[in-house]
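Hi there,

Here is the structure I promised to pass on to you. Have a look at it first, and then read on for what turned up.

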Amino acid sequence: MRFDVITLFPDLFAPFLTSGVCRRAYESGLVDVKLWNPRDFADGNYRRVDDRPFGGGPGMVMLAEPLALCLAAIRTERGSESNPVVLFSPVGKTLTHSGVEHWSASEGAVLICGRYEGIDQRFIDKHVTHQISLGDFVLSGGEIAAMAMLDAVARLQPGVLNDEGSHQLDSFNPALDGLLDCQHFTRPENWQGQAVPDVLMSGNHANIERWRREQRLALTQQQRPELVEKARAGGQLTAKDEAFLATWVPEVNQNQ
């Protein structure tokens with residue numbers, strides 16, 4: 001799997017690619033990440049990559065030509081013209097767990113990190129095959145979005161996490177029927193007057209798993225009820241699940 005990242009700030013990725021558990025994926029080449037600076041493909045002494053927008057207005061717009069030349073160099077090195085080209089943009093489809101699973105099973109893509117007011121639309125129309133958003137907010141550039149996608153994809157690769165099955169218990173995972181994950185506790189058993197729930201100390205694994213299921217249902221119903229409805233529509237809620245939800249009473253957050 002190979003991801004080519006087009007960015008004006010490749011140095012931002014250095015600590016990201018060499019830190020944390022996902023560095024195993026990058027250092028081993030399991031997820032090969034190559035960084036490309038479009039400024040290296042710009043003309044003139046100043047290697048200009050942006051200009052004022054036609055029609056006026058604030059900010060600058062990234063030039064199409066340096067991006068196109070950079071993309072051409074990537075395709076030459078990859079020996080392929082068919083790799084997906086992803087632009088991180090507010091108009092894109094929001095990245096979800098299913099989207100991450102799709103990219104984690106792919107051969108990779110070219111990731112474009114926009115800056116300034118955006119990218120010349122003619123480049124987007126000609127070359128971009130996918131647009132992705134992290135949510136309804138705006139970042140200074142696409143680098144953070146690219147890192148988020150790379151991290152999410154890398155942690156799903158075999159051998160990256162210490163526990164092969166740990167990602168299957170992540171929030172939104174189909175193994176949890178798309179629900180939020182439950183709360184977690186560790187030592188000490190009592191911290192500042194707050195004790196670990198008794199069931200987790202019981203050693204009864206069936207009771208523990210049922211408690212965790214109910215906690216996932218309760219947390220999801222309270223924070224993301226649309227995910228419960230989605231699981232219900234998909235036939236993923238059992239009779240026990242429905243009975244629990246029918247008697248569940250929302251908790252009042254004292255901090256609100």
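Helix H6, residues 143-154, has 12 residues, and at 1.5 Å a residue they should span 16 Å. The C-alpha atoms at its ends are 16 Å apart, so the expected and the modelled span agree. Please keep in mind that this is a predicted model.

H6 is mostly covered, with nine of its 12 residues buried. The buried set holds Glu143 along with Ala145, Ala146, Met147, Met149, Leu150, Ala152, Val153 and Ala154.

You can run the length check on helix H3 (residues 64-78) too. Its 15 residues should span 21 Å at 1.5 Å a residue, and this agrees with the 21 Å between its end C-alpha atoms. Which residues of H3 are buried? They are Pro66, Leu67, Cys70, Leu71, Ile74, Arg75 and Arg78. The cover over these buried residues of H3 includes the strands S1 (2-6), S2 (32-36), S4 (61-62), S5 and S6 (108-112), as well as helix H5. After H3 comes Gly79, which has a positive phi, near 70 degrees.

S5 and H5 turn up again in the second largest pocket, where strand S5 (85-94), helix H5 (121-127) and strand S7 (130-133) each supply at least two lining residues. The volume of this pocket is about 470 Å³. How many residues line the second largest pocket? There are 25, and those nearest its centre are Phe88, Ser89, Pro90, Val138 and Leu139. S5 gives the most to the lining, five residues in total. By type, the lining of this pocket divides into 13 nonpolar residues, 10 polar ones and two charged ones.

Now to the charged pairs. Side chains of opposite charge can pair when their charged atoms come close. The structure holds 16 salt bridges, and a few are worth pointing out to you.

Arg48 forms a salt bridge with Asp51, with 3.5 Å between the closest N and O atoms. Is Arg48 buried or exposed? Neither label fits, because a relative accessibility of 44% makes Arg48 partly exposed. Asp51 is partly exposed as well, at 33%.

Arg224 forms a salt bridge with Glu226, and here the closest N and O atoms are 2.4 Å apart. Arg224 has a relative accessibility of 32% and therefore counts as partly exposed. Glu226 is also partly exposed, with a relative accessible area of 43%.

Another salt bridge joins the side chains of Glu229 and Arg232, at 2.5 Å from N to O. An α-helix has 3.6 residues a turn, so residues three or four places apart point the same way. Glu229 and Arg232 are three residues apart in helix H8 (residues 225-233), which means that about one helical turn separates them. On accessibility, Glu229 is partly exposed at 45%, and Arg232 is partly exposed at 30%. Elsewhere, salt bridges with shared partners join Asp177, Arg210, Arg213, Glu214 and Asp241 into one network.

When you open the model, you could begin with H6 and its nine buried residues, move on to H3 and the elements that cover its buried residues, S5 and H5 among them, and then look at the lining of the second largest pocket, to which S5 gives the most. The network that includes Asp177 and Arg210 would make a good last stop.

Happy viewing, and do write back with any questions.

Best wishes

Note on methods:
Residues are numbered from 1 along each chain as its sequence is written. This is a predicted model: local features need pLDDT of at least 70, side-chain atom pairs count only at pLDDT 80 or more; totals for chains, interfaces and linings use all residues. Side-chain values use heavy atoms; hydrogens and water are left out. On a 1 Å grid over the protein atoms alone, a cavity is a set of points where a 1.4 Å probe fits but cannot get out, and a pocket is an open set with protein on both sides within 12 Å along at least five of seven lines; lining residues have an atom within 4 Å of a point. Grid points are joined across faces, edges and corners, and a volume is the space filled by probe spheres set on the points. Helices (H or I, at least four residues) and strands (E, at least two) are DSSP runs, numbered from the N terminus. Ala, Val, Leu, Ile, Met, Phe, Trp, Tyr, Cys and Pro count as nonpolar, Asp, Glu, Lys and Arg as charged, and the others, Gly among them, as polar. The expected span of a helix is 1.5 Å times one less than its number of residues. Buried means under 20% relative accessible area, exposed over 50%, partly exposed in between (1.4 Å probe, protein chains only). Contact means heavy atoms within 4.5 Å. A salt bridge is a side-chain nitrogen of Lys or Arg within 4 Å of a carboxyl oxygen of Asp or Glu.
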